[in-house]
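Hello,

Here is the structure we talked about, with some notes on its empty spaces and its helix packing. Please have it open while you read.

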Amino acid sequence: MLSSVAVILLLALAAPPDSTARIVLAGVTLFDGTGRPARANQSVVIEGERIAAIFPAGSRPSPPGATVYDLPGRYLIPGLIDTHVHVATDPSGEDSRARTERRLRGALLGGITAVRDMAGDVRALASLQRAALLGEIASPDIYYAALFAGPAFFADPRTHDASRGLIAGQVPWMRAVTDTTDLRQTVAEARGSGAAAIKLYAALDGMLARRITAEAHRQGLLVWAHAALRPARPIEVVEAGVDAVSHASLASLAMDSTRRAMTLDAAAGEPEDLADAGIDSLFSSMLRHRTLFEPTLLIFEDDPPMLRLAGAVARAAHRRGVTLIAGTDTLGSADSGAVGLPNLHRELELLVTLAGLTPAEALESATRDAAAALGAGSMRGTIEVGKLADLVVLREDPLLDIRNTRSIHLVVKRGRVIPVPRK
């Protein structure tokens, strides 16, 4: 028997999208994600999938035939983006289609309208991506990567789970590469799998990372990477020209080893201000290359010393002006099918409390800057005329307290309004 949440979503998504449908969200306080201050008492007009107009409420009539949602006292933000999830590592096991659809449904109800999947079985991911795009399942839009790594990495059982029926390391989305690999061919095959990017994972040196990145960019793909590829050091990864790096814990390997150990051993408390030549050089390189940095703080909540270190690295990066993007490495949410909150809300809180972002900056890390990481900044991530109507209506002001992103009233995904039952 379907839960009430599932019934609501099915009703919201049952009808095919109507390119002529008009919706007005009236009287909201608008945080548009562009860097502008929030604006009170605004109306946003949606036509089909797109934002058609934004104006002060009452300054002009609503379009004829529009469905109007009167939302005084509510707050409107762009749809949230989790820049690091894994939903199809093992589609024959724990990532079964039914469980994955439940998780994605919970993410959508939790305000997430797009995700960046950081390597899995693209046969499953492509199917989920299509179903999400067409509204056949309740899900954020999905962008995914093809993973490239050195041959040594393919002893990892996850690579075999994501390549079942074929040979891990020899498929376009789980590719073992060496100095003799035909990169033009392997990158083209990865592109043909529907991947938006190549993910550099492990067992790669700096020169090979640079060559892969250059070829991927030549073929129009982004490059996402772990902040250290072992043997490639963090500075070598950034200097390779990758578009985004993941994990503050790995970025900390740029530090002097003694200072890093001292930070790990420090007493619990607020992250210290890092003063380290290696980490400073890394952030200078990130600024020069405009590298996006995804700290993934949440995954270390059960490891207080590592959380302290990762928080200190993220805070130092932010103070230097490096652009942070919000990703969890663990989507979370609604595994039982009930309405739950995806883990991104907790990651945003940690970016404020540990990395020192303001609530507005934290929101930008999960909207405008996250969209840039997807290569989708022209169509999503901010509330502007012409962009996709991916929106979240909140009951409480997220600029006063970032935890108020949890106070979700409505979610709008590609112009479809989805009521969110209150717990």
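A word on terms to begin with: a cavity is a set of grid points where a 1.4 Å probe fits but cannot get out, whereas a pocket is an open set. Please also keep in mind that this is a predicted model.

**Empty space**

Rolling a probe the size of a water molecule over the atoms shows where empty space is left. In this model, that turns up 2 cavities of 30 Å³ or more. The largest cavity has a volume of about 50 Å³. If you would like to find it on screen, its lining is made of Pro78, Gly79, Ile81, Thr113, Ala114, Arg380, Gly381, Thr382, Leu388 and Asp390. Sorted by class, that lining comes to 4 nonpolar, 4 polar and 2 charged residues.

The largest pocket holds about 410 Å³ of space. It is lined by 22 residues, and those closest to its centre are His86, Thr89, Ala119, Arg158 and Asp329. Which helices each supply at least two residues of this lining? They are H2 (97-109) and H4 (157-161). As for classes, the lining of the largest pocket has 8 nonpolar, 7 polar and 7 charged residues.

**Helix packing**

Two packed helices are described by the angle between their axes and the distance between the axes. I have three pairs for you, and H2 from the pocket lining comes back in the first.

*H2 and H3.* The axes of H2 and H3 (residues 122-134) come within 12 Å and cross at roughly 45 degrees, so the two helices are oblique to each other. Their crossing is right-handed. On the H2 side, the contact is made by Arg97, Thr100, Glu101 and Leu104, and on the H3 side by Ser127, Leu128 and Ala131. These residues divide into 3 nonpolar, 2 polar and 2 charged.

*H5 and H6.* Further along the chain, H5 (residues 183-192) and H6 (residues 206-218) have axes that come within 10 Å and cross at roughly 55 degrees. That angle makes H5 oblique to H6. Here too, the crossing is right-handed. H5 brings Leu183, Arg184 and Val187 to the contact, while H6 brings Leu208, Arg211, Ile212, Glu215, Ala216 and Arg218. What is the split by class in the contact of H5 with H6? There are 5 nonpolar and 4 charged residues, with no polar ones.

*H10 and H11.* The last pair is H10 (residues 277-289) with H11 (residues 304-320), which pack at an angle of about 50 degrees with their axes 10 Å apart. Angles from 35 to 65 degrees fall in the oblique range, and H10 and H11 are therefore oblique to each other. The crossing of H10 and H11 is right-handed. Ile279, Asp280, Phe283, Ser284 and Leu287 of H10 meet Val313, Ala316, Ala317 and Arg320 of H11. By class, the contact of H10 with H11 has 6 nonpolar, 1 polar and 2 charged residues.

Happy to go through any of this with you on screen.

Best wishes

Key
Residues numbered from 1 in each chain as written. Predicted model: local features only at pLDDT ≥ 70, side-chain atom pairs only at ≥ 80, totals over all residues. Heavy atoms only, no water. 1 Å grid on protein atoms, 1.4 Å probe; cavity = no way out; pocket = protein on both sides within 12 Å on 5 of 7 lines; lining within 4 Å. Points joined across faces, edges and corners; volume = space filled by probe spheres on them. Nonpolar A, V, L, I, M, F, W, Y, C, P; charged D, E, K, R; others polar. Axes fitted to C-alpha atoms, helices over the stretch in contact; angles between N-to-C directions. Helix = DSSP H or I, 4+ residues; strand = E, 2+ residues; numbered from the N terminus. Parallel < 35°, antiparallel > 145°, perpendicular 65-115°, else oblique. Left-handed = near helix turned anticlockwise from the far one by under 90°. Contact = heavy atoms within 4.5 Å.
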